[in-house]
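User: I'm new to reading protein structures. Could you walk me through one, feature by feature?

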Amino acid sequence: MSVAIVFDREVAERWHLREVGVWMFLGTVVMLFAAFTSAYVVRKSGADWVPVHLPPLLWLNSVVLLASSLTLELGRRPGATARAASTAIAATCGLALLFFAGQVQAWSTLARTGVYLPTNPASSFFYILTGVHGAHLIVAFGFLAYLFVRTVRRTDVAGWPYLAGLVSTVWHFLTAVWIYLLLMLRLA
Amino acid sequence: MSHSDSFIRKYIFSTDHKIIGIQYILTGLAMALVGGTLAGLIRLQLGWPGLQWPLLGKLMPVGMPSGVMTPEFYMALVTMHGTIMVFFFMSFVLVSGFGNYVVPLQIGARDMAFPLLNMLSYWIGLLGAIVILLSFFVQGGAAAAGWTAYPPLSAVASAMPGSALGQTLWLLAMALFIASFTMSGLNIVATVLSLRAPGMSMMRMPLTVWSYFISAIMGLLAFPPLTAAAIMLLFDRHFDTSFFLPSGLIVAGKLLPNHGGSPLLWQHLFWFLGHPEVYVLILPALGIALDMLPVFSRKPVFGYRLSVYCLMIVAVLSMIVWGHHMFVSGMSPFSGEYFSISTMLITVPMTIIGVNMLGSLWGARITLATPMLFALGIIALFGVGGFGGLFLGNATADMQLHDTYFVVGHFHLMIGGVTLLGTFAGIYYWFPKMFGRQMSEALGKAHFWLTFLPFFTVFFMQHFVGLQGAPRRYYAFTTYEYLNRTHGQNVVISLVAFLLMAGQLVFALNFIWSLVAGRASERNPWHATTLEWETSSPPPHGNFVEIPTVHRWAYEYSVAGEALDYTPQTVPARQVAVTA
């Protein structure tokens, strides 16, 4: 069964509405991280700023998250069979869980070296930024899991491509936010 | 469109935008009662500092032991009055309440874009309101660091009684409010963008809808930075981080472990929200006024397109002027100059909107119905309040006036008065639509004069108290000799403030009496042109039997050669000529 062939105007309009809502929400997330960035830049100018030596694992985590975006795209590509879509989205879920585990591991690596949340402003930002991003990703993971269930059960075939499109929009967005945060923490 | 639901599904956990709008309005009015009571206590203290009030002492043994108010309690009153009025009254009633009720009706939609999210938004907002009320009853009492929650008072639990659990609950309540307000804003934007009736182009939308649309976008962009700041404040409070707490801070005889933080960082993040929030509240009030003037003057609104563009310009400029709240924070003179100039710039579109309002009245047949009185009151307060803003937006003048009662008077006229009058204008105007009954005009007019005159007197006088150097947030003006002369003025202000509060009883009476026994209203009692009056009052579930088709703008009044002096937006061009 191919998953992206049914068109229904009413369904399209309903999902268009949701798409508008999602993009507006992502706008608020941009503003949230913009505010954190601004605070980061201001606080970094303080004399007590000691850069955090980022655990190398974070780079591997980034590759995992990027890979999850890739598998999600593979799963929702036009012409993909239901089985291929299920497999690719299951892989996305697996990679997402791996990313979460990796982030927790990175936290514990830092903690083992004596760098805790209140140690210095740089470490405070590291834990909070990764935490806030992780919180967003956990919510997005809920939608990803829902997409997986819908893909396996093959219900609402007409709405599936739209749902997959929205979930991927959010997921890719959060992947991009992570890459941005990592570069900011590493370079800025 | 038939619809049957249980009472609970229909009126309590409803997804109908009209019910949710009314829920917001009623909740907000209840919160106004609390916020107003707090204002009464503040005025009692400022009018008669140190006087014993035995009955109040019995009611509030912690805040007013032996009937005399403690300074800590006074600070909590000031903080909670501001927080409740701005976020849980004005935002609830004016933005989320009328936004919910009016926007879908005026664009010809059956409901909001996301009805379930809408319901969730109300219940989360209500939870926030409950949390903020409960904070009065925890150990140490409610938050007392001001509605701006400046650190270190807000960041150090031992700083003062209200800095303990009360401040944590304040942050929790604000988080719930922001979540609720974001959902509400998302809904308004998506609804306006996607659910307009056929023919309802953006430039045919009533200015009320434009103002809500722009205000919702502003809210969506301005609130997240406060969320970020609140997260960092929470970590400073509970996990010993140092975002906002500087080194060497000694509180209650104890050196705090924090180091290097910047209290000014909080101020920047707070005001990045705080200033746009003023416009998030004021724009809907202006939109409502702009739409009511044509209804009660029977002529088209003046400068429709210009008003739309000015609302947009105000929205953009409002996001880049926050620093004018911080002129005395030690910012560089160059930054101060920038914020002064950008603030002065914002007066240009605001003045144009004001002139457009006056232009709408030029040569008109004005009917002084209650909603119109409130709309005219908005013009007056907007003008006078805006004039005070010219002084405060100028860094040189603000250095002298900062944190005095001049500021208190100014922002009450604007964010308090314009929005309060907008709220009442909206209630009197849409009451027949909401409940199918008419409010009493006689009581409405009495209410207007008992609101407008005392409100103006109280806050106009406060400008002069401020000019004499009286600082805001002071518990009593008895310590410094130079402030003794303000005592008599404070007594007068307090007495007039009580008259203002008493005047609201007239509104309460009118509201309740009209709900129960008000005269049945016809479908379009004001003979207005907008779509909400094309359906029954109150509208059915789904709003319209058939989705209307729009053929013209919303201001087709007194078209030459026509028998009726108004032409609804649904009347085709072949019947009545389209003038704009």
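Analyst: Here we go, one feature at a time. Keep in mind that this is a predicted model.

User: Let's begin with chain A. How many helices and strands does chain A have?

Analyst: Chain A has 5 helices and 0 strands, so the pattern along its sequence reads α-α-α-α-α. Its C-alpha atoms fill a box of roughly 60 × 30 × 20 Å along the principal axes. Of its 188 residues, 51% count as buried.

User: What share of the contacts in chain A, at a separation of 6 or more, comes from residues 24 or more positions apart?

Analyst: That share is 82%. As for the outside, chain A has an accessible surface of about 8800 Å², and 70% of that belongs to carbon and sulfur atoms.

User: Now helices. How do I check the length of one?

Analyst: Compare the distance between its end C-alpha atoms with what you'd expect at 1.5 Å a residue. Take helix H3 of chain A, residues 82–112: its 31 residues reach 45 Å, close to the 45 Å expected. After H3(A) comes Gly114(A), whose phi is positive, near 85°. Helix H5 of chain B, residues 115–134, agrees too, because its 20 residues should span 28 Å and its ends are 29 Å apart.

User: Which helices do the buried residues of H5(B) pack against?

Analyst: They pack against helix H2 (17–47), helix H4 (71–107) and helix H6 (165–194) of chain B. Among those buried residues are Met119(B), Tyr122(B), Leu126(B) and Ile132(B). You can try the same reading on helix H9 of chain B, where Tyr304(B), Leu311(B) and Val314(B) are among the buried residues. The cover there includes helix H7 (207–239), helix H8 (263–297) and helix H10 (333–361) of chain B.

User: And salt bridges? What's the general idea?

Analyst: Side chains of opposite charge can pair when their charged atoms come close. In this structure there are 9 salt bridges over all chains. One of them joins Glu73(A) and Arg76(A), with the closest N and O atoms 3.0 Å apart. Both sit in helix H2 of chain A, 3 residues apart, about one turn of the helix.

User: Why does that spacing suit a pair?

Analyst: An α-helix has 3.6 residues a turn, so residues three or four places apart point the same way. Here, Glu73(A) is partly exposed at 30% relative accessible area, and Arg76(A) is partly exposed at 29%.

User: Where do I look for a pair that links distant parts of a chain?

Analyst: Try Arg298(B) and Asp565(B), whose closest N and O atoms are 2.9 Å apart. The two are 267 residues apart: Arg298(B) is in the loop between H8 and H9 of chain B, and Asp565(B) is in the segment after strand E4 (519–520). Arg298(B) counts as buried because its relative accessibility is 9%, while Asp565(B) is partly exposed at 24%. Together with Arg365(B), these residues are linked in a network of salt bridges.

User: How many salt bridges cross the interface of chain A and chain B?

Analyst: The rule finds 0 there. The two chains bury about 2200 Å² between them, 83% of it on carbon and sulfur atoms. The contact takes 25 residues from chain A and 29 from chain B.

User: Which residues form a nonpolar patch on the surface?

Analyst: Phe7(B), Ile8(B), Tyr11(B), Ile12(B) and Phe13(B) do, with about 490 Å² of accessible area together. Tyr11(B) lies in helix H1 of chain B, residues 7–12, and counts as partly exposed because its relative accessibility is 39%.

Notes
Residues are numbered from 1 along each chain as its sequence is written. Chains are lettered from A and ligands numbered from 1 in the order in which they are written. This is a predicted model: local features need pLDDT of at least 70, side-chain atom pairs count only at pLDDT 80 or more; totals for chains, interfaces and linings use all residues. Side-chain values use heavy atoms; hydrogens and water are left out. Helices (H or I, at least four residues) and strands (E, at least two) are DSSP runs, numbered from the N terminus. The expected span of a helix is 1.5 Å times one less than its number of residues. Buried means under 20% relative accessible area, exposed over 50%, partly exposed in between (1.4 Å probe, protein chains only). Contact means heavy atoms within 4.5 Å. Patches are made of residues with over 30% relative accessible area and no salt bridge: like charges are joined within 9 Å, nonpolar side chains (Val, Leu, Ile, Met, Phe, Trp, Tyr) within 5 Å. Accessible areas come from the Shrake-Rupley method with a 1.4 Å probe; for residues, only the protein chains shown count as cover. A salt bridge is a side-chain nitrogen of Lys or Arg within 4 Å of a carboxyl oxygen of Asp or Glu. Buried area is the accessible area (1.4 Å probe) that two parts lose on being put together, summed over both.
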